[in-house]
Amino acid sequence: MGGTDQGRATRRSPATPNDTDGKENGGGVTRNLPSDAVINLDHGDPTMYEPFWRKLGDKCTIVIKGYEHLSYFSSNKNPCWFLEPKLEDSIRSLHGAVGNAETDGYTIVVGTGSSQLLQSVLYAVSPPDQPNPMNVVSAAPYYSCYPETADIVRSGVYKWAGDAHGFDKDGPYIEFVTSPNNPNGVIRGPVVNRDGGIVVHDLAYYWPQYTPITSSLDFDIMLFTASKCTGHAGSRIGWALVKDKDIAKRMVNFMTVTSIGVSKESQLRVAKILQVVADGCKRFGSPDGDNLFEFGRNMMAKRWEILRETVKKTQMFTLPKYPLQHCNYFGDLTQAHPGFAWIKCNDGMEDCEEVFKGSKILVRSGRRFGSDPGYARVSMMSKDDEFNGFIDRLSSMI
Ligand SMILES: Cc1ncc(COP(=O)(O)O)c(C=O)c1O
């Protein structure tokens with residue numbers, strides 16, 4: 001987390017109440033924030049899923065005894081020797097049930113969050129014998145952690161080279177393509193499109209609660225994370241689907257050297273959770289309400305509707321519009337409800353982050369995404385009380 005999307009100056013607001021002073025509300029917990037509380041919507045902490053998981057009670061409980069899972073090793077057959085077979089099964093079963101990515105013929109590499117996989121992929125695709133470091137680019141507005149991911153270890157074989165739109169250097173390069181994009185929710189493809197380019201598809205938000213699922217993707221390198229799929233960011237589990245076995249092996253080598261694998265407790269917990277999601281997501285409109293994606297889409301749709309109404313009344317801000325598209329998973333025409341709102345402050349307000357800060361709302365400046373400070377990114381994935389507080393304060397800005 002340190003220095004990343006969540007870590008920098010983004011501790012949970014001390015004013016955020018703890019669980020003991022909440023009142024139950026249909027399986028969730030709502031609280032009223034004190035009117036002077038700081039509302040931290042700077043990070044993408046996916047706590048909105050808590051009511052869903054509360055409602056499911058013990059369905060995802062696993063017990064790990066003191067004598068179990070002592071070994072470093074999980075499988076002597078898998079190139080990713082620390083990947084728990086149960087996690088591999090549930091990842092494949094979830095993608096199959098949702099239809100958002102192909103898994104046949106892919107090696108799965110598990111990481112401590114997709115953050116670690118981003119590091120490992122940079123290492124794995126950068127040849128050690130180039131005269132100059134590989135350039136790493138992404139089209140602005142790009143996920144704000146990419147520059148620091150590329151530069152933190154001051155590697156000699158790759159380095160951050162900025163906005164892909166302006167990239168005109170010769171030689172091999174790596175392009176991160178985030179789709180739907182963080183911060184603006186747009187579906188994207190690569191922009192450089194030159195020989196010698198390696199494209200890494202970061203698909204953290206390619207799940208039906210955020211965006212219509214229009215095809216089952218089969219790119220060479222695809223990254224996913226439990227953090228944004230199910231909300232279990234604290235378990236720190238991400239996975240890569242990698243076509244090229246040598247690249248996968250080098251990624252595994254990176255994990256071996258940096259952390260000798262990934263926590264088995266986390267893998268087993270997430271394996272259980274993903275399997276419960278995969279089973280539940282085949283039932284639509286179930287009275288048990290055990291379809292995570294229905295829960296997620298309903299909640300996101302409601303929040304986006306409230307936000308759009310409020311923004312319209314203020315006349316101070318502009319929000320992106322998203323096209324209606326057929327979602328193969330829900331089988332209907334729908335639009336995106338991204339995990340972040342990419343808000344533009346209208347004329348005369350040059351620093352959008354500061355405008356929100358004036359109402360004690362922490363958001364992330366467009367500057368951090370290689371874009372204009374007239375934009376800010378606001379998390380839509382917070383708990384109800386934070387979202388409601390945000391809307392109240394937005395309304396009173398009129
Ligand atoms: C686009 C994108 N990629 C990767 C990550 C990293 O996620 P994690 O390390 O929690 O798996 C995030 C988190 O915010 C993200 O937004």
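**Helix 7 and its packing**

Student: Which residues of helix 7 are buried?
Tutor: The model is predicted, so local features need pLDDT of at least 70 and side-chain atom pairs pLDDT 80 or more, while totals for chains, interfaces and linings use all residues. Residues are numbered from 1 along each chain as its sequence is written. A residue is buried if 20 or more other C-beta atoms, placed from the backbone, lie within 10 Å of its own. In helix 7 (a DSSP run of H or I, at least four residues, numbered from the N terminus), the buried residues are Lys264, Ser266, Gln267, Arg269, Val270, Ala271, Ile273, Leu274, Val277, Ala278 and Gly280.

Student: How far apart are the end C-alpha atoms of helix 7?
Tutor: The expected span is 1.5 Å times one less than the number of residues. For the 17 residues of helix 7 this gives 24 Å, and the end C-alpha atoms agree, lying apart by 24 Å.

Student: Are helix 2 and helix 7 roughly parallel or roughly antiparallel?
Tutor: The axes, lines fitted to C-alpha atoms over the stretch in contact, give angles from 0 to 180 degrees between N-to-C directions. Those of helix 2 (residues 85-98) and helix 7 (residues 264-280) come within 8 Å and cross at roughly 25 degrees. Angles under 35 degrees count as roughly parallel, and over 145 as roughly antiparallel. Helix 2 and helix 7 are therefore roughly parallel.

Student: Is Ser382 buried or exposed?
Tutor: Ser382 lies in the loop between strand 17 (375-379; a DSSP run of E, at least two residues) and helix 10 (384-395). Because Ser382 has 23 C-beta neighbours inside 10 Å, it counts as buried.

Note on methods
Parallel < 35°, antiparallel > 145°, perpendicular 65-115°, else oblique. Buried ≥ 20, exposed ≤ 12 C-beta atoms within 10 Å, placed from the backbone.
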